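User: Could you take a close look at one part of this protein for me, the helix packing and what surrounds it? Start with the overall make-up so I have my bearings, then zoom in.

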Amino acid sequence: MNFLANPLLNANPIMNAWRGTANSSTSMPGSEALTSLMDPFGIGRAAVDYWRDSVERSVLYWDVMRERGNQYLEHMEQTKPSVLGFKTEVLLDGRTLPQPTNYELLRVLPPEGTVIDPHKRPFVVVDPRAGHGPGIGGFKPDSELGVALKAGHPCYFIGFLPFPEPGQTVEDVVESEVAFLRHVISLHPETTERPMVVGNCQAGWQLMMAAALEPDVFGPILIAGAPLSYWAGEHGNAPMRYTGGLTGGSWITAFTSDMGNGLFDGAWLVQNFERLNPANTYWKKQYHLYANVDTESERYLDFERWWGGHVVLGGEEIQYIVDNLFVGNRLSTAQLVTRDGRRIDLRNLRSPVVVFCSRGDDITPPPQALGWIRDLYEDTDDIIANDQTIVYCMHDTTGHLGIFVSGSVSRKEHSEFTANMDYIDVMPPGLYETKVTLASESSDAALYERDYLLEFQPRNFEELDREVHHKADDDRRFATVARISEINLGLYRLYVQPWVQALITPESARLMRRMHPIRLGYKLLSDRNPLSVPLPVMAEAVRKNRQEISQDNLFKAFEIMSSDQIVASLNAFRDLRDSSSERLFMDIYGQPLLQAAVGLYGDAHVHRRRPGAEPEHRRFLARRQDELRERIAQGGAHEATMRSLIYVLGGAPATDERNFKRLRASRAKLESDIKLSEFKQLVREQFFILKLDREKALNTLPELLAGESSSAIDGYIKNLEHVFAASGELSEHAAERFAQIKALFEKARPAKSAPSKTPAALAAPKAAVKAESAPAAQTVSTNTASKGAASKNTVSKNAGEKKPDEKKPADKKPATRKAAVTQKASEGPAVVKEDAKPSSADGTTEKASKAAPAEAGSNDQKQASTPTAKPADDQPVEIKKPSANVTRRKTPRKR
């Protein structure tokens, strides 16, 4: 140990620490000149500095590993281990339900200073039970729960205990989650909106099953990194989907459960995840801690507390999951049936579904997160017909855990999902992709309410297929794996399982769980190991006299280069292993002879099919379409405004929440008690009407606005302009649609009065009409009220009785009337024809023209609310128009 007393060193941290002296000791006189003379290029000094720094980092690294082991033992000894970073209280224990489970519902208590609005939509987070313990969805402030709490939502958490209840099944867990959501709804009777539910990874597909069975208890659903289509994937990626085929099927799952005496150790699942990326597992993660041990120790220990908190699953649970999902892929094709005979069809969902995935995720790649959409629906029209709204968002780089753990992802994507959830809930049915835009990178940043903006762009199946990479040949291969898995599982249960179950006891199963390699890695590096006793003392001494080196140190640069080479080598090994596995899988299960041997070339079974629409569903759609056709011309100004908004925004390349917020605010001014559910119903009904018959839906807009004053119509147009301005200027296509809407609104305006005249000019013709042809005035008034519905003979007779009026000076006739009087007399008086121009494409005016003259009185009452009949009855001076028309047709006069 003489090197510790080297006089050429500026300091002796270890010896000073033991002696209790400070680190300000001076070196010997002339030592700097001597070292410069002996080491002119500084290589020796750099080597000494690097040696000292590496020794110090090594001591600190092993001390952190010791703390990790102690933390693991303390965590696993808890009755309800969880890494949740917020205080909670238990509301409902799943062990008390009719079908007991190890799940429980917790209320998340807000941190000090956080204000919760009880009228806001409840927010429920469900954590994955895939080998790790609960709490990852809210183990730090910048998490899914943290974002929702900051937004003022009442938050709840569904967690679980380390061991399952005896006989617990996946269906029992699904029923427990439904019961929890019903309990949450009962706690918020003042809120009409259903809870927003977030499911991470394994909890995502479990929630989708629950929502398919009980859609009424779910609000918007966010599934983050959740696999739903297990056969999907791109060649060269997603190596986990080949695991079932390379192991011969699910018999290995049954064998592992039998070795655990009916329990499946979650450490095996964690080990499979770690093997996906050997560079990160065996080097990168540990080296990152070693290289940054002064700053990364706390973050590393927090994550390892969750990553090492292994839980146990029931053997029946994991067997159901592997057979029906991982190998069978029966969830996305509606082939699952519950024990009480209910089919689990994801098309039953009535809540919007937000799919959050990442291209950097090697556990749940985008094809497996999005492939279920293609499995269930033929195209976007099929999605719309099922009244479903599906939104997907893809991150470019983050890994599987980063989707629901990363702080940057929570501050960006999850914050926007939470803020936009009401808008997503009322969005029209269809398929959309979201893009998160940074305010500083946008030209209209002044219109942004937050640092980011979530935009929604409509998508079709051609664009979706670019992410799913569906191949029919791969489907046949995986169907072959499913058949062989059933055969091998049957053989195992018949010949091997009885022997294994006879040999395994509860004590031996418990011992094997304790001796698992992953668990031993935590236990051996803890205070229970006598060799770790000096570590805390040495680490404390190093921390008191820590001397870090700069990144430009020559040997530090060599260390980084060596680490990069090790990572590259392990990645090359991983790529070779994955490519070889994929090639082996494709060659074995792509053989036509093997596929025929398991029955895939027969006609009795189809290995993969899209579930068809049931007759009841088709009849329901037909009835719904008939109802919508009848409601096209029904409604008022609210329906016309919403229909116009949907039509204009449908021509925009993307939409966002700003239009929705302004529209909802303006609607609240008119109807303060409007509920979001009613607003959603209005949006969807008008969307379907436009989808069913766009031309008729637009042509009936003036009919919906009938009876509205000009000032009211101006207000509706200004309201639309205000809503559209929230997101900046309209696109060219959307602007053209808005101009079309304005033209239709103009048609609904009431008829304008005749040009103003002097009292004398108005009194003279009025007196002449009353004195000379009172019957004619009565007849013309009747014809005017019935909108020209009388026959040609009636019009001719009336014209003959009004001949004295033709002597009126022509200069008192408005110029706009001259063009109208040339129309056919059978269409009624000219003033009525111009003021009440037909605006409906469904023949409303034609039906009115068939009415008999005797029914004029009743027709007048029916049309009293229209803006065309009122001005005609109040303008007696206009009576001279038919006489002018008759004069031009040279009708014989009566002397």
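Analyst: Counting secondary structure, you get 42 helices and 15 strands. Keep in mind that this is a predicted model. There are 895 residues, and 50% of them count as buried. Among contacts with a separation of 6 or more, 81% join residues 24 or more positions apart. The protein exposes about 42,800 Å², with carbon and sulfur atoms supplying 54% of that.

Now for the zoom, which I'd centre on helix α19, residues 472-495. The α19 axis comes within 9 Å of the α24 axis, and the two cross at roughly 80°. So α19 is roughly perpendicular to α24. On the α19 side the contact uses D474, R477, F478, T480, V481 and I484, while α24 brings F585, M586 and Y589.

Helix α19 also packs with α12 (residues 315-327), at an angle of about 155° and with the axes 10 Å apart. That angle is over 145°, so the pair counts as roughly antiparallel. Here α12 puts in Q319, D323 and V327, against F478, V481, A482, S485, L489 and R493 of α19. Note that F478 and V481 turn up in the contact with α24 and also in the one with α12.

Follow the chain on from α12 and you enter the loop between α12 and β9, where N329 sits. N329 has a phi near 50°, a positive value in a residue other than glycine. Its relative accessibility is 1%, so N329 counts as buried. A334 belongs to that loop between α12 and β9 too, and it has a positive phi of about 55° without being a glycine. A334 is buried as well, at a relative accessible area of 4%. The strand after this loop, β9, spans 336-337. V337 is in contact with E171, as are T338 and R339, leaving aside E171's neighbours within four places in sequence. E171 itself lies in helix α5, residues 170-186, and at 16% relative accessibility it counts as buried.

Back to α24, which runs over residues 554-589. L554 is found in this helix, and L554 is partly exposed because its relative accessible area, 38%, falls between the 20% and 50% cut-offs. L554 joins F41, I43, F558 and M561 in a nonpolar surface patch of about 560 Å². Helix α24 gives the most to that patch, with three residues.

For the charged side of things, the structure holds 48 salt bridges. One network of them links D53, E56, R57, D294, R546, K556 and E559. Another salt bridge pairs D527 with R66, with the closest N and O atoms 3.1 Å apart. This one links distant parts of the chain, 461 residues apart: D527 is in the loop between α22 and α23, and R66 is in helix α3. D527 is partly exposed at 46% relative accessible area, whereas R66 counts as buried at 11%.

Two more salt bridges are worth a glance. D387 and R684 meet at 2.6 Å, N to O, linking the loop between α14 and β12 to helix α29 across 297 residues. D387 is partly exposed, with a relative accessible area of 23%, and R684 is buried at 7%. D714 and R749 come to 2.3 Å between the closest N and O atoms. D714 is partly exposed at 30%, while R749 counts as buried at 18%.

Definitions and conventions: Residues numbered from 1 in each chain as written. Predicted model: local features only at pLDDT ≥ 70, side-chain atom pairs only at ≥ 80, totals over all residues. Heavy atoms only, no water. Patch = residues over 30% accessible without salt bridge, like charges linked within 9 Å, V, L, I, M, F, W, Y side chains within 5 Å. Areas by Shrake-Rupley, 256 points an atom, 1.4 Å probe, with all protein chains shown as cover. Salt bridge = Lys/Arg side-chain N within 4 Å of Asp/Glu carboxyl O. Helix = DSSP H or I, 4+ residues; strand = E, 2+ residues; numbered from the N terminus. Buried < 20%, exposed > 50% of the residue type's maximum accessible area, 1.4 Å probe, protein only. Contact = heavy atoms within 4.5 Å. Axes fitted to C-alpha atoms, helices over the stretch in contact; angles between N-to-C directions. Parallel < 35°, antiparallel > 145°, perpendicular 65-115°, else oblique.
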